[in-house]
Amino acid sequence: MANSSTKLIILFFTTIITFSISPTSNAPDLDLRLRTDPDAIRSASSDYGNLVKRSPHAVLYPSSENDVVELVRLSNECPTPFGIAARGHGHSVRGQAAAHGGVVVDMASLGRNGSRIRVSWDEALGYYADVGGEQLWIDVLRAGLEHGLAPVSWTDYLYLTVGGTLSNAGISGQSSFYGPQISNVLQLDVITGNGYLVSCSEGMNSELFLAVLGGLGQFGIITRARIVLHKAPTRAKWVRLIYDDFSMFTSDQEHLAMNGNGPNYLEGSIITDKSPPNNWRSTSFYSPSHQTKIQFLLKANGGILYSLELVKYYTATNTNIHKEVELMIKDLRFVPGFSFKKDVPLLDFLNRVGSLEGDDKEEEAHPWLNLFLPKSQIMDFHAAVILNLIHTQNQTSGPILFYPLNRQKWDDRTSAVVPEDEDIFYTLGLLHSTKRSESHVFENLNKQILEVCQRKGIRIKQYLPHYEYKEDWVQHYGSKWTTFQERKAKYDPRMILSPGQRIFTPVMESDF
Ligand SMILES: Cc1cc2nc3c(=O)[nH]c(=O)nc-3n(C[C@H](O)[C@H](O)[C@H](O)COP(=O)(O)OP(=O)(O)OC[C@H]3O[C@@H](n4cnc5c(N)ncnc54)[C@H](O)[C@@H]3O)c2cc1C
């Protein structure tokens, strides 16, 4: 028999979502945690991208994992199930955490009754942290540092949730050496699309574990992740080297990426008039005089330069660090006189972007494009895309990241998709910021980039992917598609979870 609160939910959904059977689930007070008021709906209807608006019928503010389990079961019991999306910090750019006409789960609510980060050690696993899926990486970092420990793999921006980045991959300059964040997880608790709360790891329910990592929220909602911790260094030697030649820039990057005794962090970016050396990723790395010097070189080099960024961590007892860094960069082929160095506490380096919260302007949009591309095709990509489109059109406003990743550090059994067959692939991040009214200009540029790659046979894979059509998803997953589909049928057969990714769910349009 359904209790009174469940009846309320039934009433709510029968009116709005039109289903008719009575769920037998027992969810005390679940209705109290479901909100349908305009503020709740508005907060869950758009995201950091500010490009699409997709409104749910309700937002669940769970007080426990059980509330989420009950919600998922409730949907399963409906003749026509409603979509459910976990919303981490809403930092997707294309409505991936939306549930148009369904229910968005405000994951942050799970952490409202106190910290859900616990640091532990055991002989078999070493140091690790059990962390709620809703936790922000900045809080994981702070909690670890209290014990002199830290995760090894990061994103550039730390105000993202653990569940959100593990659903993608979680990449940054550490990924070449330690793998993406999904390669540094020991265990997960997941609420599957069937409505079961399951613990999983490499040795226990391993198929679910591998499916969820990089799984775009399709198989389950991560409520806990066990993250590997290492002893934390205390400081970072932070270096940027400017190149005027793409080929030297990338071959030096590759040399560093594959060098065991090299840096702990390696990235790179492209500098143009519209993508200046200082930007929101680290607002004050360069002094005004350094900026002027780089601007002169930029002009002399036809308006394009390449910046290699590396970091070596250390502790105060290492008095040799200066020499180690000098040795590391000695034979690199940057423009003489164009090396810039900083020495900062580890926390300042990892949290270099800070919080962008106050910067979320209503009229600002972020039509980002993130790609992976095989190393063997970067010269073609440079000519056709970087020079011919990005540089020539000179529209890109925001950072342009370009750095190599080491495929050996990725587990091919997870759901994450990277270019096949080559040990090194590159990531391009076009992190556009623009007025919403002008976002079409950048959307158009992104479209041209994808078209050129297709025409020239450059085998790109989108990171943080966004596709309109099922055929595109099938192509995106390539040889992984069959497994991806089979896992969906097993863990979310009624296709309830993360409908905003639009992989299995028909498009329900409601863009701005
Ligand atoms: C300023 C900025 C900087 C960024 N920098 C990087 C970077 O350096 N490296 C990088 O890899 N990415 C980066 N990203 C991208 C970011 O990793 C993804 O957008 C990520 O999904 C954001 O996390 P979120 O918590 O906001 O997730 P949301 O946007 O809320 O959700 C993303 C997807 O994951 C699902 N999801 C959310 N929580 C869970 C959960 N607990 N369990 C299962 N599914 C869940 C959602 O349903 C949705 O499908 C950046 C994004 C921004 C805006």
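Q: What makes the approach of Ile222 to the ligand a polar contact?
A: A polar backbone atom of Ile222 lies 2.8 Å from a nitrogen atom of the ligand. A polar contact is a pair of N or O atoms within 3.5 Å; within protein, one must be able to donate a hydrogen and the other to accept it, and residues adjacent in sequence count only if both atoms are side-chain atoms. The pair is within the cut-off, so it counts. This is a predicted model: local features need pLDDT of at least 70, side-chain atom pairs count only at pLDDT 80 or more, and totals for chains, interfaces and linings use all residues. Residues are numbered from 1 along each chain as its sequence is written, and side-chain values use heavy atoms, without hydrogens and water.

Q: How much of the ligand does the protein cover?
A: The cover is 96% of the 950 Å² of accessible area that the ligand has on its own. Areas come from the Shrake-Rupley method with a 1.4 Å probe; for residues, only the protein chains shown count as cover.

Q: Why is Asn264 called buried?
A: Its relative accessibility is 12%. Buried means under 20% relative accessible area, exposed over 50%, partly exposed in between (1.4 Å probe, protein chains only). So Asn264 falls in the buried class.

Q: Where is Asn264, and what does its side chain meet?
A: Asn264 sits in the loop between helix 9 and strand 13 (265–271). Helices (H or I, at least four residues) and strands (E, at least two) are DSSP runs, numbered from the N terminus. The side chains of Asn264 and Tyr178 share a polar contact of 3.1 Å.

Q: Which residues of helix 11 are buried, and why are they said to line one face?
A: In helix 11 (residues 321–329) they are Ile321, Val325, Met328 and Ile329. Seen down the helix axis, they fall within an arc of 85°, so they line one face. The arc is that of the directions from the helix axis to the C-beta atoms. The face turned away carries the exposed residues Lys323 and Leu327.

Q: What makes strand 10 a paired strand?
A: Two strands pair if DSSP finds at least two bridges between them. Strand 6 (residues 126–132) and strand 10 have five, in the antiparallel sense. Strand 8 (residues 185–192) and strand 10 have seven, also antiparallel. Both counts meet the threshold, so both pairings hold.

Q: How do you know that strand 10 is mostly covered?
A: Nine of its nine residues (220–228) are buried.
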